[in-house]
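Work through the exercises below with the sequence and the model at hand. Each task is followed by a solution in steps.

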Amino acid sequence: MAGFTPYFGYRDAKATISFLEQAFGFETLVAYEHEGQVVHAEMKSGDAFLMLGTGGDKQRREGDLPPAERGVYLAVEDVDAHF
């Protein structure tokens, strides 16, 4: 499936997931946790799809790179043809 998918990092990803479900009807497809924090979640509402996780200092451990706070994934049907 081709398209853009935004990714956001939040201080409290669990609260954000709950808010998106209640306020906008998003459905949580997956939510992976580590040490009580959501490190990656995928949600959808209709054709809208987004990814999120805990960002900032809550997820960071000594020696880790800073977590991504935001970004966009681009999916294409044929990577070689697109390149």
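The exercises go from the overall fold to one strand, one charged pair and one surface patch.

This is a predicted model, in which local features need pLDDT of at least 70 and side-chain atom pairs count only at pLDDT 80 or more, while totals for chains, interfaces and linings use all residues. Residues are numbered from 1 along each chain as its sequence is written, and side-chain values use heavy atoms, with hydrogens and water left out.

**Exercise 1. State which pattern of helices and strands the protein chain follows.**

Step 1. Helices (H or I, at least four residues) and strands (E, at least two) are taken as DSSP runs, numbered from the N terminus. The protein chain has two helices and five strands.

Step 2. Along the sequence they come in the pattern β-α-β-β-β-β-α.

Step 3. Of the 83 residues, 22% are buried. Buried means under 20% relative accessible area, exposed over 50%, and partly exposed in between (1.4 Å probe, protein chains only).

**Exercise 2. Describe the surroundings of strand β4.**

Step 1. Strand β4 covers residues 48-54, and five of its seven residues are buried.

Step 2. Two strands pair if DSSP finds at least two bridges between them. Strand β1 (residues 3-10) pairs with β4 in the parallel sense over four bridges; here Y7 has M51 as its bridge partner.

Step 3. Strand β3 (residues 37-45) pairs with β4 in the antiparallel sense over five bridges, and A41 is matched with L52.

Step 4. β3 and β4 form a hairpin with two residues between them, and G46 in the turn has a positive phi of about 60 degrees.

**Exercise 3. Find which residue forms a salt bridge with K14, and say what the pair ties together.**

Step 1. A salt bridge is a side-chain nitrogen of Lys or Arg within 4 Å of a carboxyl oxygen of Asp or Glu. The structure holds one.

Step 2. The partner of K14 is E33, with the closest N and O atoms 3.5 Å apart.

Step 3. K14 lies in helix α1 (residues 13-24) and E33 in strand β2 (residues 27-34), so the pair ties together parts that are 19 residues apart in sequence.

Step 4. K14 is partly exposed at 41% relative accessible area, and E33 is also partly exposed, at 49%.

**Exercise 4. Is F4 buried or exposed?**

Step 1. F4 lies in strand β1.

Step 2. Its relative accessible area is 63%, so F4 counts as exposed.
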